[in-house]
Amino acid sequence: MTENQKQEKQKFRLKDLFNRPSKPYANPYLGGVLLGMVLFTSYFITGNGLGASGGLSRIAAFVEDLIAPGHINQVPYLINLAGGQRNPLDNWIVIVTAGVLIGGFTSGVIHGRTKFETHKGPNISNQTRWLFAFLGGICFTYGARLARGCTSGQALSGGATLSAGSWVVMFSIFGGAYALAYFVRRLWN
Amino acid sequence: MIPFPLHLESLLSKPLTYLIFLLIGFLFGYVLEISGFNHSPSLASQFYFKDLRVFKVFFTAIVVGMLLLFLSSAVGLLDYNLIWVNPTYLWSGIVGGLIMGVGFILGGFCPGTSLVALATLKIDGIFFVLGGLVGVFIFGETVDLYKFFFNGSYYGRLTLMDVFNLRTGIVVILVTLMAVFMLWGGEQLEKIYGKKDPKKAPKARYYGAGVLVIVAIIIAVIGQPTTADRWEKLALVRGDDLTNREIYIHPGELLDTFHDHKLNLVMIDVRSEADYNLFHLLDAENITPEEIPESIDSFIAMPANTVFVVMSNDEATSTEVWKTLTAQAVPNVYVLSGGINQWLDTFATPYEEGVCGDMIEAGVEELHYEFDAALGSNCPAAYPDHDKYHLEYEKKIELDLKRAPVGGGCG
């Protein structure tokens, strides 16, 4: 630790944590190698890959259970997650999701990238960006439930284990996005 | 025995198991963040060939993960049969994938990246996650409208090796070469559409690509362990069970197991179809030794209380099948002691004796009874009356609850 950093630490204020100078992202190939190693570690130790949409659906089931507890027991898909006395959050994938949030937050703080902001294309307003992010979120998890996994659970994890279905899902995701990209180019360019 | 993956539930307490998953999630989130996956314009601009950062991270990760997995499997550290391989549902996968693509380009995230964006306080990420929760809700409400489509075109644990009928090592090499080619092509596209100079990127990436290809070739040269290799390793642990006849269950124990509703009994009759048609136990499945390898994935995926009992006319064939199944990591496999012949010796009723005529002289692994008609399971000995028989035997079945993962990251 240099002298400079020590001084910074003495005058620690929470606000400073979120106002550090942003550092650039890692080299993409380095990021890829590290991500591949994390994926391998997960399979090697637990037999399971990585996932994100599974955690989201359990959180959604949990929220639904709070709002309309009786309803859960009438929807077959939700019964599996939260029917009867089942706690939808008592599952390894939810724990992984919590880890993702903590890990992302930690790295963001360390590298000065945890701050309230909206990333968007140059030609749209923040509100438009938020609306489309919301709509995109709806589509993405709907598709992820239908395909039984998202970019993490299917494309990345299934891709590395050479699951045939996962490669089909992967090409479908990229195919869908490339096919529509031209028509919504104003969002991003 | 192949040591990995670990069976965490039996090794550690639940909090410690969850701690491991928390750490894995932490690393996952950390790496996604340093790779720039919380920056939606980067995610979106890959679809305009301007900045292929995300595409590069993604395909590099798949190849590195794949190579490490199959290398550790080749050297006998990791059991590929016991890791979760997403089952294939062809059409729901295609349609779901296309819908995800729409969500990707509209929203600028995927679920994992949106979580990291939320964690780093990106407001667009927060909206995406909220939309994501709504998407799950809508799915739960609508999936019943097309559940046949959702559950249809199911192919089980289907790998690229199965589809192209190629050895694992060859598929690994082809995927690696394809990924390297796509990454190279991606850089060319970036040069044209994104005005990026690939010469500015570190040279080390060429060496990296070389290392990936070499590792893929090494994996192909070593090859994946065969059933014989697997048995050789397992013989140290299970060989004694075989010599001490710990795996052979008495007909009486099998009869009692029929009536044990805590167990899910799967009987595998490995005789010829002709013998099977003459006589077989009620609900026994006829799977010849040649067909056994195709069933292994579905056996592994069965519920934790499943007990497999293999039977042939005597014991020789069934013991070989037991070795195959056990070596391929199917848990709780037993052999019917003395086979169908001893079963008939024990349970043949006057009805069968009348139909079968006398016992006949027969060779090893041949049926010792002569049937005049193909009875199948239409006679009392196929499902003996439990109350009539009180047989003395040494109990052998013990449930080993060590199981492969029964769900991936998508539950």
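**Entry 1: the sheet of chain B**

I began with a strand pair in this predicted model: strand 3 of chain B and strand 7 of chain B run parallel to each other and are joined by 2 bridges. For the register I looked up Ile249(B), and I found it opposite Leu336(B) in strand 7 of chain B. On the pairing of strand 6 of chain B with strand 7 of chain B I noted 3 bridges, again in the parallel sense, and Val310(B) has Val335(B) of strand 7 as its bridge partner.

I then traced the sheet as a whole, which is open, has 5 strands in the order 3-7-6-4-5 (chain B), and shows parallel pairing. Its edges are formed by strand 3 (248-249) and strand 5 (285-286) of chain B, each of which pairs on one side only. At the strand 5 edge, I counted 2 bridges from strand 4 (residues 264-269) of chain B to strand 5 of chain B, the two running parallel, and Ile268(B) is placed opposite Glu285(B) of strand 5. I keep in mind here that strands of a sheet pair through backbone hydrogen bonds, in either a parallel or an antiparallel manner.

**Entry 2: strand 7 and what covers the sheet**

Which way do the residues of strand 7 of chain B point? I find Val333(B) and Val335(B) on one side and Tyr334(B) and Leu336(B) on the other, and all of these are buried. The general rule fits this reading, since in a regular strand the side chains alternate between the two faces of the sheet.

Next I followed the chain from strand 6 to strand 7. Helix 16 (residues 316-327) of chain B lies across strand 6 (306-311) and strand 7 (333-336) of chain B, and its direction is at about 180 degrees to that of strand 7 of chain B. Taken together, strand 6, helix 16 and strand 7 of chain B form a β-α-β unit, which is right-handed.

I also checked helix 13 (residues 251-258) of chain B, where Pro251(B), Glu253(B), Leu254(B) and Leu255(B) are buried. The buried residues of helix 13 of chain B pack against strand 3, strand 6 and strand 7 of chain B, and against helix 17 (339-347) of chain B as well.

**Entry 3: helix 2 of chain B**

I tested the length of helix 2 (residues 14-34) of chain B: at 1.5 Å a residue its 21 residues should span 30 Å, and because the end C-alpha atoms are 30 Å apart, the expectation and the model agree. The helix is mostly covered, with 15 of its 21 residues buried. After helix 2 of chain B comes Gly36(B), for which I noted a positive phi, near 85 degrees.

Within helix 2 of chain B I looked up Leu27(B). Is Leu27(B) buried or exposed? I record Leu27(B) as buried, because 21 other C-beta atoms lie within 10 Å, against a cut-off of 20 or more. Setting aside neighbours within four places in sequence, Leu27(B) is in contact with Val38(A) and Gly103(A).

**Entry 4: chain A and its contact with chain B**

I turned to chain A, whose secondary structure comes to 11 helices and 0 strands. The C-alpha trace of chain A spans about 60 × 45 × 40 Å along its principal axes, and buried residues account for 56% of its 189 residues. Of the contacts in chain A between residues at least 6 apart in sequence, 54% join residues at least 24 apart.

How many residues does the contact take from each chain? I noted 118 residues from chain A and 119 residues from chain B. Several helices of chain A each supply at least two residues to the side that touches chain B, including helix 4 (53-67), helix 7 (92-110) and helix 8 (126-146). Helix 3 of chain A gives the most to this side, with 18 residues. By class, the side of chain A that touches chain B holds 62 nonpolar, 47 polar and 9 charged residues.

**Entry 5: Thr114(A)**

My last look was at Thr114(A), which sits in the loop between helix 7 and helix 8 of chain A. Thr114(A) counts as buried because it has 24 C-beta neighbours inside 10 Å. Not counting residues up to four places away in sequence, Thr114(A) touches Phe18(A), Phe105(A), Gly108(A) and Val109(A), and also Thr120(B) and Leu121(B). I also checked the separation from Arg185(A), 71 residues apart from Thr114(A) along the chain, and the C-alpha atoms of the two are separated by 28 Å.

Definitions and conventions: Residues numbered from 1 in each chain as written. Chains lettered and ligands numbered in written order. Predicted model: local features only at pLDDT ≥ 70, side-chain atom pairs only at ≥ 80, totals over all residues. Contact = placed C-beta atoms within 7 Å. Helix = DSSP H or I, 4+ residues; strand = E, 2+ residues; numbered from the N terminus. Nonpolar A, V, L, I, M, F, W, Y, C, P; charged D, E, K, R; others polar. Expected span 1.5 Å × (residues − 1). Buried ≥ 20, exposed ≤ 12 C-beta atoms within 10 Å, placed from the backbone. Pairing = 2+ DSSP bridges. Axes fitted to C-alpha atoms, helices over the stretch in contact; angles between N-to-C directions. Right-handed = clockwise from strand over helix to strand, strands pointing away.
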